[in-house]
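Biologist: Let us go through the strand pairing in this one. Short answers, please.

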Amino acid sequence: LSRGVDVEAIGAELTTATIVNNRFNGADTGIRLSGTDILVESNNFFAYEDGIRFFSAVSDTRIRDNTFANQIADSFSAQLSIAAVSPGENNTIINNTLIDGADIAIKFEGDVDARTGAINRQGPNGTVIRKNRIDGGYNVGISITEATNNTVIENNTIQNLEGSLNTGIK
């Protein structure tokens with residue numbers, strides 16, 4: 001299984017999608033998101049490489065009450081439980097459990113425009129990362145690599161990190 005669920009459209013933006021109460025076991029990427037007003041709730045991700053990956057400025061999306069466990073590490077790329085490439089605005093990542101990970105639990109980063117080669121330096125504006133439990137295996141708990149405005153990171157538990165970086169919030 002390469003991908004569990006693709007929530008995206010070619011040339012159009014999806015709105016109001018719900019992904020609730022699923023189990024993703026053995027997928028390269030559990031869920032790939034693009035659009036606005038998406039709810040990802042009460043899902044279980046086991047033996048995966050990337051749990052949830054945002055593409056194309058995902059906004060107003062809620063990722064809550066999910067469990068990520070036993071992430072598979074490979075030597076070719078970083079494994080990310082929740083990854084946002086070119087994140088949009090007003091996303092919430094709340095009350096998730098991320099255990100026994102490989103590289104980075106939650107990461108927000110810019111992207112390179114495939115047409116122009118320009119680097120998008122947009123970070124997660126208005127994003128809330130709250131009450132997540134990150135425990136064991138990860139190099140980094142939460143990583144934000146681009147400029148951000150009005151982002152809240154609070155009341156997360158980050159413990160038992162492993163690896164060379166061993167960093168809670170970067």
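Biologist: Is strand S18 enclosed or open to the outside, and how many of its residues are buried?

Modeller: This is a predicted model. Buried here means under 20% relative accessible area. Strand S18 covers residues 140-144, and it is largely enclosed by the rest of the structure because the buried residues number 5 of the 5.

Biologist: Which residue of S18 is the bridge partner of Phe108?

Modeller: Strand S13 (residues 104-109) runs parallel to S18, joined by 4 bridges. Phe108 has its bridge partner in S18, and that residue is Ile144.

Biologist: Which residue of S21 is the bridge partner of Ile142?

Modeller: S18 also pairs with strand S21, residues 167-169. That pairing is parallel, over 2 bridges. In S21, Ile142 has as its bridge partner Ile169.

Biologist: Now the open sheet. Which strands are its edge strands?

Modeller: The sheet has 6 strands, in the order S2-S5-S8-S11-S16-S19, with parallel pairing. An edge strand pairs on one side only. That holds for S2 (15-20) and S19 (152-154).

Biologist: By what angle are neighbouring strands of this sheet turned against each other on average?

Modeller: The strands of this open sheet pair in parallel. With direction ignored, the average turn between neighbouring strands is 5°.

Biologist: Which residue of S5 is the bridge partner of Ile19?

Modeller: The edge strand S2 spans 15-20. S2 runs parallel to S5 (residues 36-41), and 5 bridges join them. Ile19 has its bridge partner in S5: Val40.

Conventions
Residues numbered from 1 in each chain as written. Predicted model: local features only at pLDDT ≥ 70, side-chain atom pairs only at ≥ 80, totals over all residues. Heavy atoms only, no water. Pairing = 2+ DSSP bridges. Axes fitted to C-alpha atoms, helices over the stretch in contact; angles between N-to-C directions. Buried < 20%, exposed > 50% of the residue type's maximum accessible area, 1.4 Å probe, protein only.
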